[in-house]
Amino acid sequence: MPSDSRMQDSNPFVEIATHLFLEDLAGKVGVAGLNNYLVSLAKNLAAAMPREEYSSWSEFIGAVRDSQSILSTFEEVRPVTERCMSTLRSPFERGWREYAKRVGSFAPVHREVADYYNHKVRPTAVTSVHIVLHTFREAAALYTQGKYAEALPLLRKAQEDGLKDGSLLYQLGYCREVVEGKHLTRDLGGRASTEEMGDAITAAVMQ
Amino acid sequence: MIDVALASLIEDMIEKAGAEGVVEFWQRVGDNLAGRMGKEAYLGWTSFNVAVREARTAFSIEGEVTPLTDMAITDVDGDVVGYLYAMRQCCYIPTIFRTRFAVGRMSPADKAVTEEYNENVHNIAVCNFCVFHERFREEIAKNVTVAGNPLACFLLATRGWSGETKISSKNVVQVNINEDHVRALLRNYECVYALVLRGARLKGER
């Protein structure tokens, strides 16, 4: 798919303003309140987007790769294997760079709310905006229907976010081990701790 | 994606704090951002305008700003005390296009906040981001000095994605610029504002 089919980039100033908006909001509602806002807005965003249906897994993978699925609207997703997707760059990268250049160091609240999410929900967020990204991916997957039986549960269940070589590398992994239900956290219907689920995802991705 | 998701957040905020609460939020964010950016000093208008053109000033955070050096603002003595500046593209336009691409329509929350601001604060906004934007520029101008004098910012005219235009009659009179000249600028630019030396005795203030 040619690159002009992708959505145009945002102005990083708007992203900076949004980060400050979240900081101001956290001052009013606290870390837990901000977490709830972020989860809610990501779900609302996914719900507002068009639903999709694919007749086969390969058709779905093609749509993801060609930026025609809502799962690849905001980021470039590349299939690494038939079941594992990766994104080379964070969709927030430009905004972060501009924030650091123009405003300075990040307010601690972005890390604090990520810690809250990692502790309470699942250990996948580095900063506040990852809560939006990860919740969006999960919620968007619910709107991606497939006649191919594996498509929906595979998409819904597993996400991975990792650090490599000192730079952020964002990986979205659809891992069999997790979707089979052995290592799900309580919010996904399982009984595992967030650490156990994180270890399972890591192990699956490293295989 | 966070810019597109912002619309959902504003919808939530309107439910909890009302459109006037969102306006206050945005204005406070404008104050905070301006407060976190450093101070700048320039020897004179020439060096400041070069810095704007080269995207070195705090105003450049918004995107590409063009100094309209042929449109000087003079005080009662005829001395140049400021210039007009314009942005060819509003910094919120990419977000509007991204929202239409991803979601299909702009959130009604955008219009609610815009109308609240236009009715009760300053009738110049064409989108909810203008609320933040105007305050941010006003505050950042205080941190920039030209020839030792801090600046003041007057938002003069805006053009929205639907083609709707707004001109601030109050500010146009104050900086003594012909409204027709400003209207003509909106053919090529989406946001026009004036930067003048704070405290200058403008012709329009007499």
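A residue counts as exposed if 12 or fewer other C-beta atoms lie within 10 Å of its own, and as buried if 20 or more do. This criterion is applied in the legends below to a predicted model.

**Figure 1. The loop residue B:Ala147, an exposed position with positive phi.** B:Ala147 has 12 other C-beta atoms within 10 Å and is therefore exposed. The residue belongs to the loop of chain B that connects strand E4 (144–146) with strand E5 (149–159). Its phi is near 55 degrees, a positive value in a residue that is not glycine.

**Figure 2. The loop residue B:Ala55, between a helix and a strand.** In chain B, helix H2 (45–53) precedes this loop and strand E2 (65–74) follows. Phi of B:Ala55 is near 60 degrees, again positive in a residue other than glycine. B:Ala55 is exposed because 12 other C-beta atoms lie within 10 Å.

**Figure 3. The surroundings of B:Val23 in helix H1 of chain B.** B:Val23 counts as buried because 22 C-beta neighbours lie inside 10 Å. Apart from residues up to four places away in sequence, B:Val23 touches B:Val113, B:Glu116, B:Tyr117, B:Val121 and B:Val131. A further pair shown is B:Val23 and B:Phe132, which are 109 residues apart in sequence, while their C-alpha atoms are 7.9 Å apart in space.

**Figure 4. The fold of chain B, with seven helices and seven strands.** Read from the N terminus, the elements follow the order α-β-α-β-β-α-α-α-β-β-β-α-α-β. A compact globule of 206 residues would have a radius of gyration near 17 Å, and the 17 Å computed for chain B therefore agrees with that expectation. Along the principal axes, the C-alpha atoms fill a box of roughly 50 × 35 × 30 Å. Of the 206 residues of chain B, 49% are classed as buried. Among contacts in chain B between residues at least 6 apart in sequence, 63% join residues at least 24 apart.

**Figure 5. The contact between chain A and chain B.** Chain A contributes 32 residues and chain B contributes 30 residues. On the side of chain B that touches chain A, helix H1 (2–36), helix H3 (93–102) and helix H5 (129–142) of chain B each supply at least two residues. H1(B) gives the most to this side, with 14 residues. By residue class, the side of chain B that touches chain A comprises 20 nonpolar, four polar and six charged residues.

**Figure 6. The largest nonpolar core and A:Val132.** This core has 111 residues, and those with the most contacts inside it are A:Val132, B:Ala5, B:Val192 and B:Val196. Its largest share, 16 residues, comes from helix H1 (residues 12–48) of chain A. When neighbours within four places in sequence are left aside, A:Val132 is in contact with A:Leu38, A:Leu41 and A:Ala42 of chain A, and with B:Met1, B:Ile2 and B:Ala5 of chain B.

**Figure 7. Helix H5 of chain A, residues 128–142.** At 1.5 Å a residue, the 15 residues of this helix should span 21 Å; the end C-alpha atoms are 22 Å apart, which agrees. H5(A) is mostly covered, with 13 of its 15 residues buried. An α-helix has 3.6 residues a turn, so residues three or four places apart point the same way.

Terms used:
Residues are numbered from 1 along each chain as its sequence is written. Chains are lettered from A and ligands numbered from 1 in the order in which they are written. This is a predicted model: local features need pLDDT of at least 70, side-chain atom pairs count only at pLDDT 80 or more; totals for chains, interfaces and linings use all residues. Helices (H or I, at least four residues) and strands (E, at least two) are DSSP runs, numbered from the N terminus. The expected span of a helix is 1.5 Å times one less than its number of residues. A nonpolar core is a set of buried Ala, Val, Leu, Ile, Met, Phe, Trp, Tyr and Cys residues joined through C-beta atoms within 7 Å. Two residues are in contact if their C-beta atoms, placed from the backbone, lie within 7 Å. Ala, Val, Leu, Ile, Met, Phe, Trp, Tyr, Cys and Pro count as nonpolar, Asp, Glu, Lys and Arg as charged, and the others, Gly among them, as polar. The radius of gyration is taken over C-alpha atoms; the globule rule is 2.2 Å times the number of residues to the power 0.38.
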